[in-house]
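Biologist: I would like to learn how to read a structure that is new to me. Could you take me through it, feature by feature?

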Amino acid sequence: MLRGFKNFLMRGDVIVVAVGLVTALAFSTLIKAFTDSVINPVIARLQGGKSVGLGWQLGAQGNSSTYLNIGSFIAALIYFIIFMAVIYFLIVVPYKFTQARRGVEAFGEPGPVKTCPECLAEDIPGAARKCRYCGSDQPRTSEPPEPPRTP
């Protein structure tokens, strides 16, 4: 039983995912510090005055629980965009490159799909003969050419 668990952990895909996760967590901390220390003060300064941030006070003045902080949302959006760009360019692109060298397509474009005329499912693969949901026969999307008729 422990041998099977060891074999599972030592598979290449699990190792790649683990390294990617640790790298993502490290970059997450770095980008969070950047947005908290650089982006948030810039957004607060853009509003001017002695404002807590970019937003509106909905309740009593000074009550932080009723402050609608738009600046915090903008900072979180910037954080997300930067984080996803880092993950894409430092993990996904090299992974696609190494998989392409092995002859495997990773994160490729999905194949053509069609809609089932019976149950109206829109994600049936284009070459499917039966619907995966209702089991009905599917029309062929590309019929073989008819042989030429001789008179």
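Modeller: What follows is a walk through this predicted model, from the overall layout to single residues.

Biologist: Let us begin with the layout. How many helices and strands does the chain have?

Modeller: The chain has three helices and four strands. Along the sequence they follow the pattern α-α-β-β-α-β-β.

Biologist: And how much of the chain is buried?

Modeller: Of the 151 residues in the chain, 19% are buried. The accessible surface of the chain is about 12,200 Å², and carbon and sulfur atoms account for 65% of that. You can also look at contacts: among those between residues at least 6 apart in sequence, 25% join residues at least 24 apart.

Biologist: Now the interior. Which residues make up the largest nonpolar core?

Modeller: That core has six residues: Ala24, Ile31, Tyr79, Phe83, Val86 and Ile87. The elements giving two or more residues to this core are α2 (12–47) and α3. Helix α3 provides the largest share, four residues.

Biologist: Take one member of that core. What does Ile87 touch, not counting residues up to four places away in sequence?

Modeller: Ile87 touches Ala24 and Val92 on that count. Apart from this core lies another one, of five residues, including Cys116, Ile124, Ala128 and Cys131.

Biologist: Let us stay with Cys116. Where does Cys116 lie?

Modeller: Cys116 lies in the loop between β3 and β4.

Biologist: Is Cys116 buried or exposed?

Modeller: Here a cut-off helps: buried means under 20% relative accessible area. Cys116 counts as buried because its relative accessibility is 0%. Leaving aside neighbours within four places in sequence, Cys116 is in contact with Ala121, Ile124, Cys131, Cys134, Ser136 and Gln138. As for Ser136, 20 residues separate Cys116 from Ser136 in sequence, while their C-alpha atoms are 8.2 Å apart in space.

Biologist: I have heard that backbone angles can be worth a look. What is the general idea behind phi?

Modeller: Most residues other than glycine have a negative phi. In this structure, Leu120 has a positive phi of about 65° although it is not a glycine. Leu120 is also placed in the loop between β3 (113–114) and β4 (124–125). With a relative accessible area of 59%, Leu120 is exposed, whereas Cys116 in that loop is buried.

Biologist: How do I read a pair of aromatic rings?

Modeller: The description rests on the distance of the ring centres and the angle of the planes. A search of the whole structure finds one aromatic pair. Tyr88 and Phe89 form it, edge-to-face, with 5.0 Å from centre to centre and 80° between the planes. Tyr88 is partly exposed at 36% relative accessibility, and Phe89 is exposed, with a relative accessible area of 56%.

Biologist: Which residues form a nonpolar patch on the surface?

Modeller: Phe73, Leu77, Phe80, Ile81 and Met84 do, and together they have about 530 Å² of accessible area. For one example, Ile81 is in helix α3 (residues 70–102). Ile81 counts as exposed because its relative accessibility is 53%, and the cut-off for exposed is over 50%.

Biologist: Is Gln99 buried or exposed?

Modeller: Gln99 is buried, with a relative accessible area of 9%. Gln99 is placed in helix α3. Beyond neighbours within four places in sequence, Gln99 is in contact with Val104 and Ala106.

Biologist: What about charged side chains? How many salt bridges are there?

Modeller: The count comes to one salt bridge. In it, the side chains of Asp137 and Lys130 meet, at 2.8 Å from N to O. Asp137 is exposed, with a relative accessible area of 58%.

Biologist: Before we stop, could we look at a strand? Where is Gly55 found?

Modeller: Gly55 is in strand β1 (residues 55–57). Gly55 counts as buried, at 11% relative accessibility. To compare sequence with space, take Gly55 and Tyr67: they are 12 residues apart in sequence and 7.1 Å apart in space, C-alpha to C-alpha.

Note on methods
Residues numbered from 1 in each chain as written. Predicted model: local features only at pLDDT ≥ 70, side-chain atom pairs only at ≥ 80, totals over all residues. Heavy atoms only, no water. Patch = residues over 30% accessible without salt bridge, like charges linked within 9 Å, V, L, I, M, F, W, Y side chains within 5 Å. Areas by Shrake-Rupley, 256 points an atom, 1.4 Å probe, with all protein chains shown as cover. Salt bridge = Lys/Arg side-chain N within 4 Å of Asp/Glu carboxyl O. Buried < 20%, exposed > 50% of the residue type's maximum accessible area, 1.4 Å probe, protein only. Contact = heavy atoms within 4.5 Å. Phe/Tyr/Trp six-rings, centres within 6.5 Å; stacked < 30°, edge-to-face > 60°. Core = buried A, V, L, I, M, F, W, Y, C linked by side-chain atoms within 4.5 Å.
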